[in-house]
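This briefing is meant for someone meeting the structure for the first time. It begins with the chain as a whole and then turns to particular side-chain pairs and to one helix.

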Amino acid sequence: MRNLWQLPLQRLEIYCQPFQRPGGYFKVSPQASCNGSDWIGMERHFAVIEESIPFRLLSKSDYFSLLKQHFRGPSQAIDRHACTLIDYLNTRPNYFHWFLDALPRIFAAESYKQLTGRNVSIVIPENLRPWQWDSLRYLGVQESQLIQVPAASPVRSWSFAQLITTFSHRHIRRSATGHFDAFSPDSIQTLANRLLTGVDQIEGTAPATHRLYVSRGHATLRRVQNEDEIIDFLCPYGFKRVCLDELPLHQQIKLFQGATHVISAHGGALTNLLYVSPGCQVLEIFQTGHGIRPDFFQLAALRGADYSFYEATSLNKENEIVIPIGVLRTFLDSSL
C-alpha cells in the first residue's frame, strides 16, 4: 500500500499486519438441510452451519424462525452429496458475492471428491445471469453437476445426503477492531488462476495493455459527478474509460489482466482486481458516507498490485462524489 495523502487507515490498518488463514478448509455435514429463503444450513441435530451464512450472526428469534420453517415445510429431499452456491448474499445476482463467496465452494466440492471419489452436485439459482453461467464454464463445471432451483419454488427446506460447505471470506466474526472479513489467499489465487486459464482455453484471446478508468456506469449509488472532467484529464495519459456492466465476463477478465493502471470509485466492478498482474497500479476512491472497506485492498495485495486509496466527501445520501483532479495528478506522478 502507498498512502499518498497520509490519510487515516481506518479499517485498512489491521490488514496491513500479518495474519494466518488456513487454506483448503471445508466442512461435511451428513443429512443436513438448507432452510428458508436465505438457504441457511442446519446440521441433522439442528445446529446452524455457520459456513452457510458468511459474516452473519443469527439471533435467538432468527434461529427459532428457522426451525419453524424447517418443520413446517414444504420440504424436498435430494439424496446427493452437494454444495450450494445459494445463500442470503446470493439469492439474487451480485457480482462481488458470487465470485468471492459462492464460487470458491466449488473447490471444496472438488477437494471432497478427491478425498472420497464421490461426485458432488452444485446447487444454483435458476435465474443466473450470463456472466454467472460463463464463470461456471470457465471453472469447468459440467451441466450434469448442476441442480437448478426455481426462483419461485414453494419449497422451504432442502435436505441432502451430505452438504459440503466452506468459508472463503468473512470467516472471523468478532475482533478488537470490528468485523475482520479476511479472504482466504488459497481460495482467491485458485479462483483467479482457474478463471484466467478457463478464459484462455475457451475464448482464446490475448490480453491487451490498458490504463483503465472504471466508470460507475448505470449505477444509482456512489456515482462520480465530474466523470467527463476526469476523462478529459486522463485521456492524454492513455487511459480508457470502461463501463463494465456493458461487457461480457471474458472481456472484463482480459481488460484487468492486461491493465497497468486501474482508477475507480469503490464498487463491485473492482472484484475484477482478481485478474490483475503483479505491479498493476490501483487507485480506489472511497466515499465518506460509505466508509473505507478492506476487500479490494486485499485482492490487490494478493495479486501483487500496488494499491493506493483516497476518500472523497459524499455529497448526498446516494454517496455521490467529486474526484479532485489534483488527486489523480498525484497518483499519476507517483505511478507513471
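Of the contacts in the protein with a separation of 6 or more, 75% are accounted for by residues 24 or more positions apart. The model is a predicted one, and its secondary structure comes to 9 helices and 12 strands.

**Overall form and surface**

- A compact globule of 336 residues would have a radius of gyration near 20 Å, and because the protein has 21 Å, its value agrees with that expectation.
- Measured out along its principal axes, the C-alpha trace spans about 60 × 45 × 40 Å.
- Buried residues make up 52% of the 336 residues, while the accessible surface of the protein comes to about 15000 Å², with 49% of that area belonging to carbon and sulfur atoms.
- The protein carries 32 positive and 30 negative charges, and the mean positions of these two sets are 6 Å apart.

**Salt bridges**

- A search of the whole structure finds 9 salt bridges, and the pairs described below are among them.
- In one of these, the side chains of D87 and R105 meet at 2.4 Å, taken from N to O. The pair links distant parts of the chain, since D87 belongs to the loop between β4 (75-84) and α2 (95-102), whereas R105 belongs to helix α3 (residues 105-116), 18 residues apart. Both D87 and R105 are buried.
- R194 forms a salt bridge with E110, and the closest N and O atoms of the pair are 2.9 Å apart. This pair, too, links distant parts of the chain, with R194 in helix α5 (residues 185-202) and E110 in helix α3, 84 residues apart. R194 has a relative accessible area of 27% and is therefore partly exposed, and E110, with a relative accessible area of 28%, is also partly exposed.
- D228 forms a salt bridge with R241, where the closest N and O atoms are 3.6 Å apart. Because D228 lies in helix α6 (residues 227-234) and R241 in strand β9 (residues 239-242), the pair ties together parts that are 13 residues apart in sequence. D228 is exposed, with a relative accessible area of 53%, whereas R241 is partly exposed, with a relative accessible area of 39%.
- D134, R137 and E203 are joined with one another in a network of salt bridges.

**Helix α8 and its surroundings**

- Helix α8 covers residues 295-302, and because 6 of its 8 residues are buried, the helix is largely enclosed by the rest of the structure.
- The buried residues of α8 are D295, F296, F297, Q298, L299 and A300.
- These buried residues pack against the helices α2 and α5 and against the strands β11 (281-287) and β12 (306-312). Of these neighbours, α2 borders the loop that holds D87, and α5 is the helix that contains R194.
- After α8 comes G304, a residue whose phi is positive, near 80°.

Definitions and conventions: Residues numbered from 1 in each chain as written. Predicted model: local features only at pLDDT ≥ 70, side-chain atom pairs only at ≥ 80, totals over all residues. Heavy atoms only, no water. Helix = DSSP H or I, 4+ residues; strand = E, 2+ residues; numbered from the N terminus. Rg over C-alpha atoms; globule rule 2.2 N^0.38 Å. Buried < 20%, exposed > 50% of the residue type's maximum accessible area, 1.4 Å probe, protein only. Contact = heavy atoms within 4.5 Å. Areas by Shrake-Rupley, 256 points an atom, 1.4 Å probe, with all protein chains shown as cover. Lys, Arg positive; Asp, Glu negative; His and termini not counted. Charge placed at Lys NZ, Arg CZ, Asp CG, Glu CD. Salt bridge = Lys/Arg side-chain N within 4 Å of Asp/Glu carboxyl O.
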